Amino acid sequence: MATGQLFSRTTQALFYNYKQLPIQRMLDFDFLCGRETPSVAGIINPGAEGFQKLFFGQEEIAIPVHSTIEAACAAHPTADVFINFASFRSAAASSMAALKQPTIRVVAIIAEGVPESDTKQLIAYARSNNKVVIGPATVGGIQAGAFKIGDTAGTIDNIIHCKLYRPGSVGFVSKSGGMSNEMYNTIARVTDGIYEGIAIGGDVFPGSTLSDHILRFNNIPQVKMMVVLGELGGRDEYSLVEALKQGKVNKPVVAWVSGTCARLFKSEVQFGHAGAKSGGEMESAQGKNQALREAGAIVPTSYEALEAAIKETFAKLVEEEKITPVKEIKPPQIPEDLNSAIKSGKVRAPTHIISTISDDRGEEPCYAGVPMSSIVEQGYGVGDVISLLWFKRSLPRYCTHFIEICIMLCADHGPCVSGAHNTIVTARAGKDLVSSLVSGLLTIGPRFGGAIDDAARYFKDAYDRCLTPYEFVESMKKKGIRVPGIGHRIKRGDNRDKRVELLQRFARTHFPSVKYMEYAVQVETYTLSKANNLVLNVDGAIGSLFLDLLAGSGMFSKQEIDEIVEIGYLNGLFVLARSIGLIGHTFDQKRLKQPLYRHPWEDVLYTK
């Protein structure tokens, strides 16, 4: 066991099993104490590597994350404290691995309920190798103004209240971590505060004992008096009794063993800790308090009198000029986290993204304000979801059904169109699904898919300006622009596209008005007089009918309709629909295990 000070203002630790809050509390304590370097050198998170962002005062820092204890110790040879936040199931193995590292000197085990046989092995190894184990079942310890373990001493407000940001003159050791926080407060009220405080842990076999730390404190010049808080159960306090009797401790020790109320119960009592179990007289709080009193410790008559005993002992040492009370200093202000500051109404921070279509902050995600459960329970389809996420409103059923028909009709157009061809070639090159899909989607544009948008724009402009089909077509011809939505490589006036006929039939049956579609049909009549292949194609049909959907539903203003057409909603519909086919082609090629594609020489005209 160490014979002197465990920590200093330069002590650094490795933190096992990433926990954001206790690490941030350690770093906030560092900043409060004016440390130049963070006390957490590295984080060990099994299976993960990289960096974790945290704050050191106002500065955001990146703390390295290592996947193994060995890697962390090799990367940070000056870090000699291992703070173990592993569960009770793995705490023993990871603690032993840390103890076996030559750079690790102190291991703190936070977990409660570590198997006793494992704990005994850890204790034996630590003692034979001159290392220190704090815990199990501990919050750790603290050296005021220098270093603290994890959640020791609680919040920053409590740390400031207990004056732990600068060293005092009292050494404190306890079994209980919760009672440590209470005693730090008590000691700060009646003395100049603690120099070091340790919670050895509440399990039956702690890695270090009360007397181990009292003997350390006795060798630290800055510690002028000690306070001990024990508890009923076990016989750990008797090692301190023996040390006092043998004269190994020459500084005042104020002690109290809690649990005197156990005698009020008729049967054996188990308190909060595994080790706090009332047994025979020697293990009772009364028996231990009496033994400590007889050995020379200052033992009050009750816990309520403990504060007065500490105050009296400190005052006497000051009077004897053995203690010069520490001068008070004003600690720096710890910046408040933005989230907590916003919640408390202290600041207002601008957002960086605006979303008006969905919200997942509540109990369930909502699409345009409609809960996900309602979407399922009311039997909404894909068209309804699109209406909520794209148009931010629930469109009539005929509208959403029309959207679904468009998706079905545009889902695929065979393997030879440019998008499908690109997807097939990419899939055969061994690329993943997303890469293959994106390869096909990137071909969508004015000549492939984008004609839906252009058809809607030009038909709308011509109709709204009351152009006759003749004026519209001829004006486009003068500009050198082909009429979008008109023309097909295969279909003719006497062999029309079935998809177009289906869309027109549905619209005439369900839409309140089909004025834009009828205008497109009139344009088709004129173009067919010029050439038999200048038929209204599926792009033109969808483009014109979407205009009718927007205008006839009565749910969109003229400005909204203009915006929808301009933004490119219809192109989005084609992208969504065609993604289904492109994904299908990807799976088809992979299922068939097709090799890398190479275009045949015979299909290339080589020329100079």
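Author: A salt bridge here is a side-chain nitrogen of Lys or Arg within 4 Å of a carboxyl oxygen of Asp or Glu. Heads up that this is a predicted model, where local features need pLDDT of at least 70, side-chain atom pairs need 80 or more, and totals for chains, interfaces and linings use all residues. Residues count from 1 along each chain as its sequence is written, and side-chain values use heavy atoms, without hydrogens or water.

Reader: OK, how many salt bridges does the structure hold?

Author: In general, side chains of opposite charge can pair when their charged atoms come close. Applied to the whole structure, the count of salt bridges comes to 28.

Reader: Take Lys460 and Asp464: which helix do they both lie in?

Author: Their side chains meet in a salt bridge, 2.8 Å from N to O. The two residues sit 4 apart, about one turn of the helix (a DSSP run of H or I, at least four residues; strands are E, at least two; both numbered from the N terminus). That helix is H17.

Reader: And is Lys460 buried or exposed?

Author: Buried means under 20% relative accessible area, exposed over 50%, partly exposed in between, using a 1.4 Å probe and protein chains only. Its partner Asp464 comes out at 38%, so Asp464 is partly exposed. Lys460 has a relative accessibility of 9%, so Lys460 counts as buried.

Reader: What about Arg465, which residue does its side chain meet in a salt bridge?

Author: Arg465 counts as partly exposed because its relative accessibility is 47%. The partner is partly exposed too, at 35%. The N to O distance is 3.1 Å, and the residue on the other end is Asp461.

Reader: How many residues apart in sequence are the parts tied together by Arg496 and Glu524?

Author: These two form a salt bridge whose closest N and O atoms are 2.6 Å apart. Arg496 lies in the loop between helix H18 (469–478) and helix H19 (498–510), while Glu524 belongs to helix H20 (residues 515–528). So the pair ties together parts whose separation in sequence is 28 residues.

Reader: Which of those two counts as buried?

Author: Arg496 has a relative accessible area of 34%, so Arg496 is partly exposed. The other residue has a relative accessibility of 6%, and the buried one is therefore Glu524.

Reader: Which residues are joined into one network by salt bridges that share partners?

Author: We've already met the bridge between Lys460 and Asp464. Shared partners extend the picture, and the full network is Lys460, Asp464, Lys558 and Asp562.

Reader: Switching to rings, how many aromatic pairs turn up?

Author: Rings of Phe, Tyr and Trp (its six-membered ring) pair if their centres lie within 6.5 Å; planes under 30 degrees apart are stacked, over 60 edge-to-face, the rest tilted. A search of the whole structure gives a total of 19.

Reader: For Phe448 and Phe574, what is the angle between the planes?

Author: Phe448 sits in the loop between helix H16 (433–441) and helix H17 (451–464), and Phe574 in helix H23 (residues 569–591), so the pair links distant parts of the chain, 126 residues apart. Phe448 is buried, with 12% relative accessible area, and Phe574 is buried as well, at 4%. The pair is edge-to-face, with 5.5 Å centre to centre and a plane angle of 90 degrees.

Reader: Last one: which residues form one aromatic cluster?

Author: The cluster mixes a Tyr with several Phe residues. Its members are Tyr398, Phe402, Phe506, Phe511 and Phe546.
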